[in-house]
Amino acid sequence: MGCETLDLNEEPHENRGGSLNYVLLQKDGKNICRTKVCDLPIEVPLVWSLISFIPTKAYQKSVFPKFSLLPYPEDGRQKAEWGKFMHFLWDNKKAAIARCGSSTFHILAPQPDEYSNFSHAVLLYECGLNGPGDCKQMAGTSGRIVNSPAMNSSKRYRKSEFRYSPKNSKPPYFKEEICDSGLNPKEMETSPRPVQESSPCESVEESPKVLNPIVKKRIASPTKNFIVADPSYLRTLSQTHAGWIFGAIAELIDNSRDAGASRLSISIESLFSKKAQRKIPVLFVIDDGHGMTYADMMRMISFGHKRPNEHCEDQIGRFGIGFKTGAMKLGKDAIVLTQTSSSRSVAFLSQSFNEEKDNLEIPMVAYRKEGQYMEVDLSVQSEATAEYNLSAIKEFSSFNEYFIGEKLGLFGEERTGTQIYIWNLDRWGNDYTLEWNSGKSSENPVHNGRGDILIRSRRVRSRPGQTSNKVLLDYSLQSYLEVMFLNPRMKIFVQGSLVKSRPLAKTLNKTSVMSGEIMGRTILLTLGRSKVEWDRTNCGIFLYWHGRLIESYKRVGGQKHSADVGRGVIGVADITNLIDDEDGNSWVLNSKQGFQDCEMYARLEEWLGRKVDEYWDTKFDNLELRKGDERHKPDSDWVQCYSCRKWRMLNAGFNIDTLPDEWFCHMPPFNGKCEVPEQQMGRGVIVIGEKRSGHDEQSKTAQQGEAPKKVMRPENLEAEKIAEDEEDVKGTLEVNKRKNPSSGTPSKPKNNSNDDLEGLSSQTEEDAPRPALKRLRRGPPKTKC
């Protein structure tokens with residue numbers, strides 16, 4: 001096989017449909033410039049370390065495949081370094097050597113243009129014998145060793161200064177090796193078969209026939225096309241939660257819950273930024289879950305992943321985009337630190353770092369436990385790659401080099417968990433979208449030290465039929481997290497203050513648990529009336545999926561058409577069984593703030609509307625007159641154990657305000673153990689709470705020294721209540737009659753406002769039958785003609 005004269009002045013080669021590789025050139029651990037090369041027949045490491053330089057006269061006659069190495073600088077410094085590097089090679093007539101296993105790459109400088117610039121470099125690819133540290137072959141290329149006259153002829157060259165003996169696969173100038181992976185030992189044991197193949201190098205016309213032992217003819221394998229993710233895609237992802245920023249925080253909370261965390265802390269603190277030279281707000285999200293392995297971290301920062309094969313009852317993460325959409329909405333830059341029992345990983349997802357780049361880059365460093373120390377995990381990345389990524393994180397993050405070490409130290413040696421730090425927070429005009437107050441009483445006396453994170457606009461989300469603007473969970477993170485989970489177990493702290501979970505189904509009055517069937521699937525619905533929501537003129541259904549709130553205050557039936565119909569009535573339902581189908585599809589929006597328009601959901605809305613209307617007509621649509629000072633309270637009071645996170649039903653008449661913030665199962669009035677199962681509300685049962693005013697009357701009587709009233713049997717108590725109600729009705733009608741003595745027609749009650757009617761139409765705890773009153777006509781009284 002003949003040799004051809006090497007021409008260093010030809011134009012750079014165009015991509016012929018092959019793979020595109022991005023390579024960072026380094027010398028002595030210092031970055032020179034990022035480059036790209038097309039049509040290489042093998043996979044190569046992301047970092048090439050230059051190990052030596054040899055005179056270019058050795059390349060006067062060359063048989064090696066030739067490619068073009070194009071500069072792809074990340075910034076102005078790398079652009080300048082590329083020019084210095086090329087001038088060094090050209091002025092000194094040298095070639096730079098980089099090596100991957102048994103493959104060697106030779107970088108030569110072409111003649112500069114009239115402006116002394118170098119648009120590319122000439123890259124020669126030399127393939128040696130396969131070894132344990134050889135680079136991966138490209139998909140579809142052959143791993144067979146070729147034994148042919150042409151291959152043997154390559155051993156007979158004596159003119160080249162970089163020749164070496166077949167017994168010694170390393171050339172004399174070899175000093176170090178950069179290789180991320182090796183061949184499978186089983187492949188190395190395969191006996192080679194004599195195969196004659198033509199040249200794989202199609203990027204150079206009339207190139208010599210070179211037989212590569214790890215390359216097959218390209219025509220035997222079709223070229224695959226892969227997309228490039230532009231950095232602007234991060235901004236696009238953030239628009240998923242553009243309508244409500246708490247949806248972005250919820251994504252991070254979901255990840256902590258899926259990781260089995262028992263404690264989660266969310267706060268915004270001011271840290272000094274070396275770039276801004278001042279303190280900037282940084283969002284902290286820290287949990288004590290089981291952490292993420294290298295594979296888990298790669299799955300999290302990747303754009304989408306395969307859906308789970310089977311549905312997990314408590315697993316919320318489903319689409320593979322939650323972290324990216326959430327973090328990039330909250331801020332432009334985020335660092336993730338995570339630790340398992342045997343590994344540790346650091347990742348940097350940043351819009352600032354990727355500015356003016358053509359392809360999205362996410363630096364990441366992986367460690368694994370070696371004895372008592374964490375060492376770079378060389379099984380997944382080379383030491384040079386890890387060093388480059390760590391340098392990028394330190395250089396482009398806003399914090400000093402000790403920040404990462406300090407935060408990783410919070411894990412200790414044995415603890416696990418994940419820490420997320422987000423800065424360059426989302427803006428609202430000239431200020432931040434979020435505002436926050438401290439959880440310390442000395443710093444926040446107005447709110448009694450109750451820390452919270454708020455949406456600055458205080459806007460209420462749009463819902464069909466919504467008229468009230470008192471929807472705290474729309475702009476208060478504390479209020480949202482109180483009802484975010486159907487069965488809250490995780491301790492969540494916002495600005496250092498513990499979120500007091502409020503399971504809605506346990507806070508209602510005249511509770512009714514209904515069951516139904518929609519398209520062959522069972523659904524349970526809990527309906528009741530809430531004093532808090534009555535006061536705020538709110539109502540609607542709270543829909544949960546896998547125990548996580550998806551829709552709140554969803555008005556159905558008559559609630560959509562009138563602010564008075566269904567006022568204060570709240571419904572709670574987990575519709576996982578309806579929304580997840582047998583094919584693995586979940587009819588939940590990617591934002592997890594709504595459901596897709598599907599037949600199942602449409603049938604659900606119809607069913608909910610019927611049930612709510614029936615409940616309202618049966619319980620509250622008749623006009624009822626009550627004592628003005630009577631209040632409706634929950635059927636039962638519940639309290640959550642600070643340790644086991646189980647909910648305990650309190651004894652009737654117990655004053656819940658006397659309980660401490662950190663209450664445990666062994667304390668009164670439960671006086672039990674955490675091992676006792678949590679009480680559940682029965683299906684299809686209407687629960688009637690005991691009248692709480694009786695407790696207050698007994699307390700007053702005891703203080704005055706009088707004997708407490710005799711405890712009556714339920715049937716006697718019911719009869720007495722009916723009698724009292726009849727007397728109340730008569731008394732009220734007498735009062736109305738006296739108010740209009742001059743009218744010739746019976747006086748009728750005025751159309752009072754909703755607030756004025758609260759005392760009259762508020763619900764009570766007893767459910768005794770009451771005399772039905774004739775519905776009175778609204779509006780001014782009729783006058784006789």
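Helix axes are lines fitted to C-alpha atoms over the stretch in contact, and angles run from 0 to 180 degrees between N-to-C directions. In this predicted model, the axes of helix α5 (residues 246-258) and helix α7 (residues 322-330) come within 8 Å and cross at roughly 135°. Angles of 65 to 115 degrees count as roughly perpendicular and those over 145 as roughly antiparallel; α5 and α7 are therefore oblique to each other. Their crossing is left-handed. On the α5 side, the contact is made by A248, I249, E251, L252 and N255, and on the α7 side by G322, F323, T325, G326, K329 and L330. Sorted by class, the residues in the contact of α5 with α7 are five nonpolar, four polar and two charged.

**The chain as a whole**

The secondary structure of the chain comes to 16 helices and 30 strands. Of its 785 residues, 47% are buried. Among contacts in the chain with a separation of 6 or more, 69% are between residues 24 or more positions apart.

**The open sheet**

Nine strands form an open sheet with mixed pairing, in the order β15-β14-β13-β12-β16-β11-β10-β21-β22. The edges are held by β15 (373-376) and β22 (497-498), each with a single partner strand, so one side of each is left without a neighbour in the sheet. Helix α5, already described in its crossing with α7, also packs on this sheet. There α5 touches β10 (263-273), β11 (278-287) and β16, and its direction makes about 125° with that of β10.

Strand β12 (residues 331-339) is mostly covered, with eight of its nine residues buried. It pairs with strand β16 (residues 417-425) in the antiparallel sense, through eight bridges. The pairing of β12 with strand β13 (residues 343-350) is likewise antiparallel and runs over seven bridges. β12 and β13 form a hairpin, with three residues between the two strands.

Individual bridge partners in these pairings, together with one from the barrel described below, are listed here.

| Residue | Opposite residue | Strand of the opposite residue |
|---|---|---|
| L337 | Q419 | β16 |
| Q339 | G417 | β16 |
| V336 | A347 | β13 |
| L50 | A98 | β7 |

Beyond the end of β13, Q351 is found in the loop between β13 and β14 (364-370). Is Q351 buried or exposed? At 14% relative accessibility, Q351 counts as buried, because the cut-off for that class is under 20% relative accessible area. Leaving aside neighbours within four places in sequence, Q351 is in contact with L234, R235, M328, G331, K332 and D333.

**The barrel**

Seven strands close into a barrel in the order β2-β3-β6-β9-β8-β7-β4, and the pairing is mixed. From one strand to the next, the twist averages 40°. Within the barrel order, strand β4 (residues 47-55) and strand β7 (residues 94-100) are joined in the antiparallel sense over five bridges. In β7, A98 is the bridge partner of L50. Helix α1 (residues 76-91) packs on the sheet, where it touches β2 (20-27), β3 (30-38), β4, β6 (66-71), β7, β8 (103-108) and β9 (121-127). The direction of α1 makes about 80° with that of β3. Helix α8 (residues 383-396) lies across β2, β3 and β4, running at about 85° to β2.

**A buried glycine in β27**

G571 is found in strand β27 (residues 569-574). With a relative accessible area of 0%, G571 is buried. Which residues does G571 touch, not counting residues up to four places away in sequence? They are L525, T526, L527, G540, I541 and F542. A further spatial relation links G571 to T511: these residues are 60 residues apart along the chain, and their C-alpha atoms are separated by 9.5 Å.

Conventions:
Residues are numbered from 1 along each chain as its sequence is written. This is a predicted model: local features need pLDDT of at least 70, side-chain atom pairs count only at pLDDT 80 or more; totals for chains, interfaces and linings use all residues. Side-chain values use heavy atoms; hydrogens and water are left out. Helices (H or I, at least four residues) and strands (E, at least two) are DSSP runs, numbered from the N terminus. Angles under 35 degrees count as roughly parallel, over 145 as roughly antiparallel, 65 to 115 as roughly perpendicular and the rest as oblique. A crossing is left-handed if the near helix is turned anticlockwise from the far one by less than a right angle, and right-handed if clockwise. Contact means heavy atoms within 4.5 Å. Ala, Val, Leu, Ile, Met, Phe, Trp, Tyr, Cys and Pro count as nonpolar, Asp, Glu, Lys and Arg as charged, and the others, Gly among them, as polar. Two strands pair if DSSP finds at least two bridges between them. Buried means under 20% relative accessible area, exposed over 50%, partly exposed in between (1.4 Å probe, protein chains only).
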